[in-house]
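Notebook open, coffee poured. I want to go through this one piece by piece and write down what I look up.

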Amino acid sequence: MRMQPSTPTALRRSAGLIFLLSLGVLAAAVLPGIYTGVGLDAWSLLRILLGIGILLASLWLFSIAGKIGNAQPAPTAPAQVAPAAPPAAAAKNQSGAEAVLFLSLLQEKGRFVDFLMEDVSAYSNEQVGAAARVVHQGCREVVNEAFSPGPVSPVPESSAITLEAGYDAGEFRVVGKVDGASPLNGKVVHKGWRANHIKLPRRQGNGDVTPNPVIVPAEITV
Amino acid sequence: MEKTQVLGIDLGTSNCAMALADKGPARMLEITQVLGPNRVGEKNTFASALYFPTPGQFPPHSLRPPWLEVEPTHVAGDFAREIGSQVPDRLVTSAKSWLSHRLIDPTQPLLPWGSTHSDRKLSPFEASRLYLEHLKQAYLSERARNGENPAWDSVQTVLTIPASFDEVARKITAQAAEAAGLGSQVVLLEEPQAAFYAWLDTVGPAWREQVRPGDTVLVCDVGGGTTDFSLISVSEKGGDLELERVSVGRHILLGGDNMDLALAYTLRAQLDEAGHSLDDWQFQVLVHAARSAKENLFENPGMPEVPISVPSRGSGLFAGTVATTLPRNLLETVVIDGFFALTRFDEMPAERSSVGLTELGLPYEADAVISKHLAAFLRRTPAGAKPGAAVLPDAVLFNGGVFRSEALRARVLELLRAWNPEKPARELAGGDPDLAVARGAAVYGRTKISGKGPRIRAGASRSYYIGLDTAMPAIPGYRPPVKALCVVPQGMEEGSEAILQDKEFGLMTGVPVTFRFFSSAVRTRDAIGTVVANAEKELEETSKLEMEVPQVEGLGDSALVPVQLHARLSELGTLELWLQRVESDQRWELHFNVRTE
């Protein structure tokens, strides 16, 4: 495990978690449709939108945590790009930078930000489905490589499970008629996901983290 | 210093991998590399690619690997290949195949091939050196991350090479390793053998139950860009089984990447028909998608087709994405029947039709059917066999990423069964086609140090000859043929020495001497001293041998000194040639001068 030590700010940590969670929700929404080769139905779309909502919320939390300022207003004059000014005393937000790094990976391999930032309502389910495959293939590679997700539950969904007293509440979340008695007999409704390893790219180089870092640079062909 | 750990390096044509053997079982090492601007991380493999950014193309120091203090002139690894696929003029790939190119000097700066940026060109030698330097640093940083700091002297490095590499390509690889700081004791090991060592290690003592005395095992190694065959024979000696590598194939520039490209071209045609034309960038994406789809279909035999989407380059994903599907029957037509067709045993690969002028480049195969290349390899009589009788393998060990697919392994076995219905070849179970070569190199190194564990005897994979001018009266308009004398017979064992006994040469001191040097992978029965009448026709010219003998004390300015030729195949897997003075112990080493025509 080679995660960079991050500032132990509860807010930031939870933002990170929610960020990852939203990825999970998004994957859960997109995966079934792709495996069965069926186009996205309204329910999956809804789940995608939910995922997007959580993701944006987590990014917003990041922005608070890292004191990331508002984006500069877009320049109106086109054309000339001046040489980059030497970085001013920039906020050193290392953990925020690592999150942006991961986001840029999802964008580069799976067009994740493109997918989220476009208005989905203007397109047919078929178009959204075709684009979702691009996102699915790329993001899946990234997430598999970084976390190698595997199920938490030892038994498949819809099957019975018994939780002995003292089970790890971090691994199993019990809902329904919870009365505190043990052992608990229930049914797995979601198998859960666990990161089987954490293998994240690290930030390298002299550049300080700017208040509004680039996720992916604009591409110019010459 | 005692070697306590072995670093196995698979310096691949398209990807490198590393494995370590110390106390426990040999294990793969992750390779730290630049994954993008300001981004470093670890991957199991390392793309053999170098990219030269222009000044200012990326933010300062953003492509610096963690162990470098200064701004590098290049970036190596996966990111290099990725960015370079869009700027091919500044991308170096396939350096390894250039090392064994017969018409170029691999120490001359000529890569990227055909690039117009003459300011930033690299020799294949230099590119290999840079990859190896990176791998060494990645190894050291991996150890440092685990809180260890081993002395480099305690590390034995084993570097794998294609079995088809001739003496010059081997020597250059060894020199590149030394120049990269890996030390002068780097051991070279042929890749198919490395795969076999990995198999021996995986199966353990039970390997003796999977092969029998008299068996011949085919190692069928189809990598990303190259295909490499070897035959290993099993015999019995003193109640134990002995292994010997008896035959190696030639360098075949054909592999899994060709299959992905073939699929991508077929899919592109489908998209074209549907009215979507792809630009170069989209085509790269399509190649990648075709590879994933291929793997997906091979892994899931019940899946009828895999949908494929190719996005446009701009940020608009929904409007610009075009979609098609890769149906199973198309995959089977293109990959299984296209590359592994059920051809007859006497069907030979098509030769490139020779026209007067050919563009110089890598000698890619004209015939993509691997089955025919396999037949051609097997039909070359291996050492010790009856003349004219081809040896058909009893067992096959598969290696290379494409053989993760069960369907392709089954097809090769089917092909061999059709060629030899009475005794169909079986598959050696327990192989690991993906990363076996690096692991096998580490296993081999450990075996070599400890002296424990099965070894494959492997002699010279080729026979070698020096050219002699024919002494005959001059005839106008007639160039006498060059005779050649065999100095190293095929199969000569590692660590042994051959002396050309009955031939004494007169060596002129004080002037430079050159010999022409030839080799053959086909002439298996030549012995030391065998004369080949027309070397230019029968043999392949490998290089020139050069030396200058200083004046010998007591013999005046230029004297004729009687010498004998000695050849030794070193334990490291390289060939040493020297001239030994008959009357004394004085000796002068002959150096390979890489071919330049």
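In which strand of chain B is the place of B:Met508? I looked it up in the predicted model, and B:Met508 sits in strand S23, residues 505-508.

**Entry 1: a nonpolar patch**

I checked how covered B:Met508 is, and the relative accessible area came out at 37%, so I put it down as partly exposed. I then looked for nonpolar company on the surface. B:Met508 forms a patch there with B:Val511 and B:Leu560. Together the three have about 260 Å² of accessible area.

**Entry 2: the S27/S28 hairpin**

Next I followed chain B into strand S27, residues 560-569. S27(B) pairs with S28(B) in the antiparallel sense, over seven bridges. The two strands make a hairpin with five residues between them. In the turn I noted B:Gly573, with a positive phi of about 95°. For the register, I have B:Val563 standing opposite B:Arg581 in S28(B).

Is S28(B) mostly covered or mostly open? I found it mostly covered, with six of its seven residues buried.

**Entry 3: B:Gln580**

I picked B:Gln580 for a closer look; it lies in strand S28 of chain B, residues 575-581. Buried or exposed, I asked of B:Gln580? The relative accessible area is 15%, and the cut-off for buried is under 20%, so B:Gln580 is buried.

What does the side chain of B:Gln580 make a polar contact with? I found the side chain of B:Trp578, at 3.3 Å. I also listed what B:Gln580 touches, leaving out residues up to four places away in sequence. Among them are B:Pro562, B:Val563, B:Gln564 and B:His566. On the other side of my list I wrote B:Asp585, B:Gln586 and B:Arg587.

**Entry 4: salt bridges**

How many salt bridges does a search of the whole structure find? I got 42 over all chains. Side chains of opposite charge can pair when their charged atoms come close. I pulled out a few to look at.

The side chains of B:Arg39 and A:Glu108 meet at 3.1 Å, N to O. B:Arg39 is in strand S5 of chain B and A:Glu108 in helix H3 of chain A, so this pair joins two chains. I have B:Arg39 as buried, at 3% relative accessible area, while A:Glu108 counts as partly exposed at 32%.

Then I looked at B:Asp337 and B:Arg411, whose side chains meet in a salt bridge at 3.2 Å. B:Asp337 lies in helix H9 (residues 328-339) and B:Arg411 in helix H11 (residues 406-419), so the pair ties together parts that are 74 residues apart in sequence. B:Asp337 is partly exposed at 40%; B:Arg411 is buried at 12%.

My third pick was B:Glu541 with B:Arg516, a salt bridge at 2.8 Å, N to O. Here I have two strands: B:Glu541 is in S26 and B:Arg516 in S24, so parts 25 residues apart in sequence are tied together. Both ends came out partly exposed, B:Glu541 at 24% and B:Arg516 at 25%.

Which residues are linked with B:Arg457 in a network of salt bridges? I wrote down B:Glu242, B:Glu244 and B:Glu493.

Note on methods: Residues numbered from 1 in each chain as written. Chains lettered and ligands numbered in written order. Predicted model: local features only at pLDDT ≥ 70, side-chain atom pairs only at ≥ 80, totals over all residues. Heavy atoms only, no water. Salt bridge = Lys/Arg side-chain N within 4 Å of Asp/Glu carboxyl O. Helix = DSSP H or I, 4+ residues; strand = E, 2+ residues; numbered from the N terminus. Buried < 20%, exposed > 50% of the residue type's maximum accessible area, 1.4 Å probe, protein only. Polar contact = N/O pair within 3.5 Å; in protein donor to acceptor, adjacent residues only side chain to side chain. Contact = heavy atoms within 4.5 Å. Patch = residues over 30% accessible without salt bridge, like charges linked within 9 Å, V, L, I, M, F, W, Y side chains within 5 Å. Areas by Shrake-Rupley, 256 points an atom, 1.4 Å probe, with all protein chains shown as cover. Pairing = 2+ DSSP bridges.
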